[in-house]
Amino acid sequence: MNDIHLPHDHGQEPIDIPSPDDFEIVSTILKQMCDAVRIRIFWLLCHREECVLDISAMMQMSSPAVSHHLKQLRQAGLVVSRRSGKEVFYRASDTSEAHFLHEMIEDLMHLTCPGRER
Ligand SMILES: [Zn+2]
């Protein structure tokens, strides 16, 4: 940044701006938050582990539609799955990104975390 000559000098200190590639992680994660249904599924999985059929029933959606959202969330590293016999269970990842989004969702919704009430 220091080697870029700004057209106007407003007397501010120079700032180091991370590269566009460095911001990509934020874009990738926030892209997952562009759909209210997907956010709702992610929020549920922040609090409990569930299989696709139960998520579908709770969301009142088809299981292929739910599976699509789960696949996207899993590819972004926000959800993990565990196979048990014939069933596959999903839950939010135990990562700082997932914790951050969990808190962000509840902050924006002015919602008390059901996990914290107990
Ligand atoms: Zn919560």
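What share of the contacts with a separation of 6 or more in the protein chain comes from residues 24 or more positions apart? Keep that in mind as you turn the model, which is a predicted one. Here are some points to follow.

1. **Contacts along the chain.** The answer to the opening question is 50%: that is the part of the contacts with a separation of 6 or more that residues 24 or more positions apart account for.

2. **The elements.** You can find 6 helices and 3 strands in the protein chain. Try tracing them from the N terminus, where the order reads α-α-β-α-α-β-β-α-α. The chain is more spread out than a compact globule, because its radius of gyration is 19 Å, well over the 13 Å that the globule rule gives for 118 residues. Its C-alpha trace spans about 65 × 30 × 25 Å along the principal axes.

3. **Inside and outside.** Of the 118 residues in the protein chain, 25% are buried. The area that the chain exposes is about 8,600 Å², and carbon and sulfur atoms supply 54% of it.

4. **Charges.** The protein chain carries 12 positive and 18 negative charges, and the mean positions of these two groups lie 17 Å apart.

5. **The largest nonpolar core.** As background, nonpolar side chains in soluble globular proteins tend to be buried together. In this model, the largest nonpolar core has 20 residues, and I41, F42, L45, I55, L70 and L78 have the most contacts inside it. At least two core residues come from each of helix 2 (36-47), helix 3 (52-59), helix 4 (63-75), strand 3 (87-92) and helix 5 (96-109). Helix 2 gives the most, with 5 residues.

6. **A closer look at L45.** L45 is one of the residues with the most contacts inside the core. Leaving aside residues up to four places away in sequence, L45 touches E50, I55, L70, V79, Y90, R91 and A92. Two of the names in that list, I55 and L70, also appear among the core residues with the most contacts.

7. **P114, towards the end of your tour.** Is P114 buried or partly exposed? P114 belongs to helix 6 (residues 114-117). Its relative accessibility is 23%, and since buried means under 20%, P114 counts as partly exposed. Now look for H47: P114 and H47 are 67 residues apart in sequence, yet their C-alpha atoms are 7.6 Å apart in space. Not counting residues up to four places away in sequence, P114 touches W43, H47 and E106.

Terms used: Residues are numbered from 1 along each chain as its sequence is written. This is a predicted model: local features need pLDDT of at least 70, side-chain atom pairs count only at pLDDT 80 or more; totals for chains, interfaces and linings use all residues. Side-chain values use heavy atoms; hydrogens and water are left out. Helices (H or I, at least four residues) and strands (E, at least two) are DSSP runs, numbered from the N terminus. The radius of gyration is taken over C-alpha atoms; the globule rule is 2.2 Å times the number of residues to the power 0.38. Buried means under 20% relative accessible area, exposed over 50%, partly exposed in between (1.4 Å probe, protein chains only). Contact means heavy atoms within 4.5 Å. Accessible areas come from the Shrake-Rupley method with a 1.4 Å probe; for residues, only the protein chains shown count as cover. Lys and Arg count as positive and Asp and Glu as negative; His and the chain ends are not counted. The place of a charge is taken as NZ of Lys, CZ of Arg, CG of Asp or CD of Glu. A nonpolar core is a set of buried Ala, Val, Leu, Ile, Met, Phe, Trp, Tyr and Cys residues joined through side-chain atoms within 4.5 Å.
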